[in-house]
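Let's take a friendly walk through a protein model together. Have the structure open beside you and turn it as you read.

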Amino acid sequence: MIDLVFGGFGMLIRWLFVYKCNSKKMSEAYKLNTIEEGMKNNTAGYLLIPFVVIIGAIINYFVRT
């Protein structure tokens, strides 16, 4: 379940920034090596969630002061 959530966020980020919203290019990469692309999505999700939490905490700190 956790991998599904992190993988989904990671896939969205990689689709936006790595593949530049080019679904055809992304699908070709998945056809060549599905497992490696899935691991990259999970890793991007694992990095994205803490980054968003830290940025949110910093923004919250400055808004309250």
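This report looks at the helices, how they pack, and a few residues worth finding on screen.

## Before we start

Keep in mind that this is a predicted model. The tour starts with one helix and then moves on to its partners.

## Helix 1 and its buried face

Helix 1 covers residues 2–17. Does its length fit what a helix should have, or not? At 1.5 Å a residue, its 16 residues should span 22 Å, and the C-alpha atoms at its two ends are 22 Å apart, so the two values agree.

Which residues of helix 1 are buried? They are Phe6, Gly7, Gly10 and Arg14. If you look down the axis of helix 1, these buried residues fall within an arc of 100 degrees, so they line one face of the helix. Their packing partner is helix 3, residues 34–64.

## Where helix 1 meets helix 3

Two packed helices are described by the angle between their axes and the distance between the axes. For helix 1 and helix 3, the axes come within 6 Å and cross at roughly 95 degrees. Because of that angle, helix 1 counts as roughly perpendicular to helix 3.

On the helix 1 side, the contact is made by Asp3, Phe6, Gly7, Phe9, Gly10, Met11, Ile13 and Arg14. On the helix 3 side, you will find Glu37, Lys40, Asn41, Asn42, Ala44, Gly45, Tyr46, Leu48 and Ile49. Sorted by class, this contact has eight nonpolar, five polar and four charged residues.

## Helix 3, a partner to two helices

Helix 3 has 31 residues. At 1.5 Å a residue they should span 45 Å, and the end C-alpha atoms are indeed 45 Å apart. Its buried residues are Glu37, Asn41, Asn42, Ala44 and Gly45, and they pack against both helix 1 and helix 2, residues 23–32.

How do helix 2 and helix 3 pack? Their axes are 5 Å apart and the angle is about 120 degrees. The two helices are therefore oblique to each other. Ala29, Tyr30 and Leu32 of helix 2 meet Thr34, Glu37, Gly38 and Asn41 of helix 3. By class, this contact has three nonpolar, three polar and one charged residues.

## Four buried residues to find

Start with Gly45 in helix 3. Its relative accessibility is 0%, so Gly45 counts as buried. Gly45 and Gly10 are 35 residues apart along the chain, yet their C-alpha atoms are separated by 4.0 Å. Leaving aside neighbours within four places in sequence, Gly45 is in contact with Phe6 and Gly10. Asn42 also lies in helix 3. With a relative accessible area of 19%, Asn42 is buried too, because the cut-off is under 20%. Not counting residues up to four places away in sequence, Asn42 touches Asp3, Phe6 and Gly7.

Now look for Glu37 of helix 3 and Arg14 of helix 1. Are these charged residues buried or exposed? Glu37 is buried, with a relative accessible area of 4%, and Arg14 is buried, with a value of 8%. With neighbours up to four places away in sequence set aside, Glu37 is in contact with Arg14, Tyr19, Ala29 and Tyr30. On the same basis, Arg14 touches Tyr19, Glu37, Lys40, Asn41 and Ala44. Glu37 and Met11 are 26 residues apart in sequence, and their C-alpha atoms are 9.0 Å apart in space.

## The loop between helix 1 and helix 2

Finally, find Lys20 and Cys21 in the loop between helix 1 and helix 2. What is the phi of Lys20? It is near 50 degrees, a positive value in a residue other than glycine. Cys21 has a positive phi as well, near 60 degrees, and is likewise a residue other than glycine.

Lys20 is exposed, with a relative accessible area of 63%. Cys21 is partly exposed, with a relative accessible area of 42%.

Methods
Residues are numbered from 1 along each chain as its sequence is written. This is a predicted model: local features need pLDDT of at least 70, side-chain atom pairs count only at pLDDT 80 or more; totals for chains, interfaces and linings use all residues. Side-chain values use heavy atoms; hydrogens and water are left out. The expected span of a helix is 1.5 Å times one less than its number of residues. Buried means under 20% relative accessible area, exposed over 50%, partly exposed in between (1.4 Å probe, protein chains only). The arc is that of the directions from the helix axis to the C-beta atoms. Contact means heavy atoms within 4.5 Å. Axes are lines fitted to C-alpha atoms, for helices over the stretch in contact, and angles run from 0 to 180 degrees between N-to-C directions. Angles under 35 degrees count as roughly parallel, over 145 as roughly antiparallel, 65 to 115 as roughly perpendicular and the rest as oblique. Ala, Val, Leu, Ile, Met, Phe, Trp, Tyr, Cys and Pro count as nonpolar, Asp, Glu, Lys and Arg as charged, and the others, Gly among them, as polar.
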